[in-house]
Amino acid sequence: MLNKDNVGSMNKVENDEIDIIAIFETIKDNKRKIAKIVIIFFVFGLFFAIFTPKKYSSSTIFIPQGASGKPGGNLGGLAALAGFSLGSGGNDSGIPLSLYTEILNSTPFQKELVKLPLYKDKNNKDITYEDYYLNVYSPGLIFNIKKYTVGLPNVIIKKIKGDVKEKALISSDSIYFTSSTELKLFNHLREDVSLFINDKDNSVTVSGIMPEPLLAAGLTFNTQKLLEKYILNFKIEKSIIKLDFIKDRFNEAEKIYTQKQYQLASYQDRNKYLVSAKSQTRLATLKGEFNLSYEVYSELAKQLETQKIQVKEDTPVFTTVKPVLVPVEKNAPKRMVIIFVFTVLGLLLAITTVLLKEKYLLLTDKKK
């Protein structure tokens with residue numbers, strides 16, 4: 001309430017200096033009004049703290065390790081004794097760590113991750129991340145309040161436009177179609193899964209957040225294993241393609257070698273006592289074809305074993321430093337923090353309102 005003492009105090013403000021005593025007097029005179037606003041905000045904070053859905057966080061730490069820089073190590077020595085060389089297959093530990101986040105946020109990765117099972121329901125059916133958020137999860141009271149207050153315009157627009165019918169496209173290895181439902185799911189997934197790379201020790205931390213402890217651990221485990229699978233595929237893809245190529249050529253050479261071996265043996269059995277020049281020429285031709293097929297077959301056999309060892313060398317190893325654990329304590333909401341923030345916000349808003357009102361009354365009184 002404006003009184004003469006307060007008016008006199010406020011009039012002492014000179015050269016843009018604030019009279020602290022007058023401010024405190026104004027706050028003191030309006031303490032009941034301030035207290036009411038603070039209590040209202042406290043109640044709102046308590047409401048949000050109670051009804052905000054719980055979130056549990058689980059994490060794991062692993063270190064990707066690749067082949068050594070030496071081509072083959074002990075395996076190279078053994079291979080040399082066997083009569084073939086491993087070559088210079090040693091290289092880095094895989095794709096750069098900086099690209100792990102790109103893999104995590106890629107559409108193929110997310111499409112596969114949301115379809116991995118998190119747990120089994122009462123009917124022993126696997127429930128995936130996609131099933132959980134589309135059919136099981138209930139967002140709660142706070143979400144519905146936001147949806148029909150702040151988000152009400154979007155709800156109305158969607159109702160007017162109606163549901164968009166999604167058209168299926170022909171699948172392709174390089175072109176992906178993302179439906180509106182999948183897009184929402186992927187956006188949700190980006191909030192639930194995080195990845196941190198420690199440049200000092202090259203460790204990778206994967207974290208998952210879900211409304212239930214077991215789901216958080218399951219999401220973290222699925223993300224880690226799928227990420228390792230993608231890194232592994234990227235790393236050994238070239239070696240595997242080469243291995244498959246050599247294996248196909250080896251199988252072809254083996255058939256030809258077996259065929260030539262059988263032809264030579266059959267001819268020798270049929271012409272055991274013939275010593276004519278014609279028969280000797282034919283025998284020499286068959287022996288030449290057999291020897292050539294054997295050399296090709298033998299060389300491809302060496303290359304096949306070499307490439308098998310190369311694939312093993314190129315395969316990165318993932319050392320788990322911190323395994324996935326089912327969280328015991330919730331990660332969110334921080335109820336005391338929410339209540340404190342709402343209370344402080346209410347106090348600041350109440351004091352600001354009172355001071356602005358007092359200033360307005362003072363200026364109005366001066367104009368009169």
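This briefing covers the confidence, fold, cores, salt bridges and surface of one protein chain. The model is predicted. Its chain has 368 residues, of which buried residues make up 32%, and its secondary structure comes to 13 helices and 6 strands. The mean pLDDT is 79, with 76% of residues at 70 or more.

**Confidence**

- Strand 5 (residues 203–210) has the highest confidence in the chain, at a mean of 94.
- Helix 4 (residues 74–82) has the lowest, at a mean of 40.
- Over residues 6–17 pLDDT stays under 50, and the model has 16 contacts there beyond four places in sequence.
- Residues 163–170 also stay under 50, with 5 contacts beyond four places in sequence.
- Where pLDDT is low, the predicted coordinates should not be read in detail.

**Overall packing**

- Of the contacts between residues at least 6 apart in sequence, 78% join residues at least 24 apart.
- The chain has an accessible surface of about 24600 Å², and carbon and sulfur atoms account for 60% of that area.

**Largest nonpolar core**

- The largest nonpolar core holds 32 residues, and the members that touch the most others are Tyr100, Phe109, Tyr129, Leu195, Met210 and Leu227.
- Two or more residues each come from strand 1 (56–65), helix 5 (100–104), helix 6 (107–113), helix 7 (129–136), helix 10 (180–192), strand 4 (193–198), strand 5 and helix 11.
- Helix 11 is the biggest contributor to this core, giving 7 residues.
- Met210 shows which parts of the chain meet around one core member: beyond four places in sequence, its contacts include Lys54, Lys55 and Tyr56, then Leu118, then Tyr129, Tyr132 and Tyr133.
- Further contacts of Met210 include Asp192, Leu215, Ala216 and Leu219.

**Second core**

- A separate core of 14 residues also exists, and Ile246, Leu283, Phe290 and Leu304 are among its members.

**Ser239 in helix 11**

- Ser239 sits in helix 11, which runs over residues 213–270.
- With a relative accessible area of 9%, Ser239 falls under the 20% limit and therefore counts as buried.
- Setting aside residues up to four places away in sequence, Ser239 touches Gln307, Gln310, Val311 and Asp314.
- Lys312 is 73 residues from Ser239 along the chain, and their C-alpha atoms are separated by 9.4 Å.

**Salt bridges**

- The whole structure contains 8 salt bridges; three are described below.
- Side chains of opposite charge can pair when their charged atoms come close.
- Lys111 pairs with Glu182, with 3.0 Å between the closest N and O atoms.
- Because Lys111 lies in helix 6 and Glu182 in helix 10, this pair ties together parts that are 71 residues apart in sequence.
- Both partners are buried: Lys111 has a relative accessible area of 18%, and Glu182 has one of 16%.
- Lys120 and Asp126 form another salt bridge, at 2.7 Å from N to O.
- Here both side chains belong to partly exposed residues, with Lys120 at 47% relative accessibility and Asp126 at 36%.
- A third pair, Lys225 and Glu228, has an N to O distance of 3.7 Å.
- Lys225 and Glu228 are 3 residues apart in helix 11, so about one helical turn separates them.
- Lys225 is partly exposed at 36% relative accessibility, whereas Glu228 is buried at 10%.

**Surface patch**

- A nonpolar patch on the surface is formed by Ile39, Phe42, Val43, Leu46, Ile50 and Phe51, which together have about 530 Å² of accessible area.
- Val43, one of the patch residues, is found in helix 3 (residues 31–51).
- Val43 has 47% relative accessibility and therefore counts as partly exposed, a class that lies between 20% and 50%.

Note on methods. Residues are numbered from 1 along each chain as its sequence is written. This is a predicted model: local features need pLDDT of at least 70, side-chain atom pairs count only at pLDDT 80 or more; totals for chains, interfaces and linings use all residues. Side-chain values use heavy atoms; hydrogens and water are left out. pLDDT is the predictor's confidence in each residue, from 0 to 100. Helices (H or I, at least four residues) and strands (E, at least two) are DSSP runs, numbered from the N terminus. Contact means heavy atoms within 4.5 Å. Buried means under 20% relative accessible area, exposed over 50%, partly exposed in between (1.4 Å probe, protein chains only). A nonpolar core is a set of buried Ala, Val, Leu, Ile, Met, Phe, Trp, Tyr and Cys residues joined through side-chain atoms within 4.5 Å. A salt bridge is a side-chain nitrogen of Lys or Arg within 4 Å of a carboxyl oxygen of Asp or Glu. Accessible areas come from the Shrake-Rupley method with a 1.4 Å probe; for residues, only the protein chains shown count as cover. Patches are made of residues with over 30% relative accessible area and no salt bridge: like charges are joined within 9 Å, nonpolar side chains (Val, Leu, Ile, Met, Phe, Trp, Tyr) within 5 Å.
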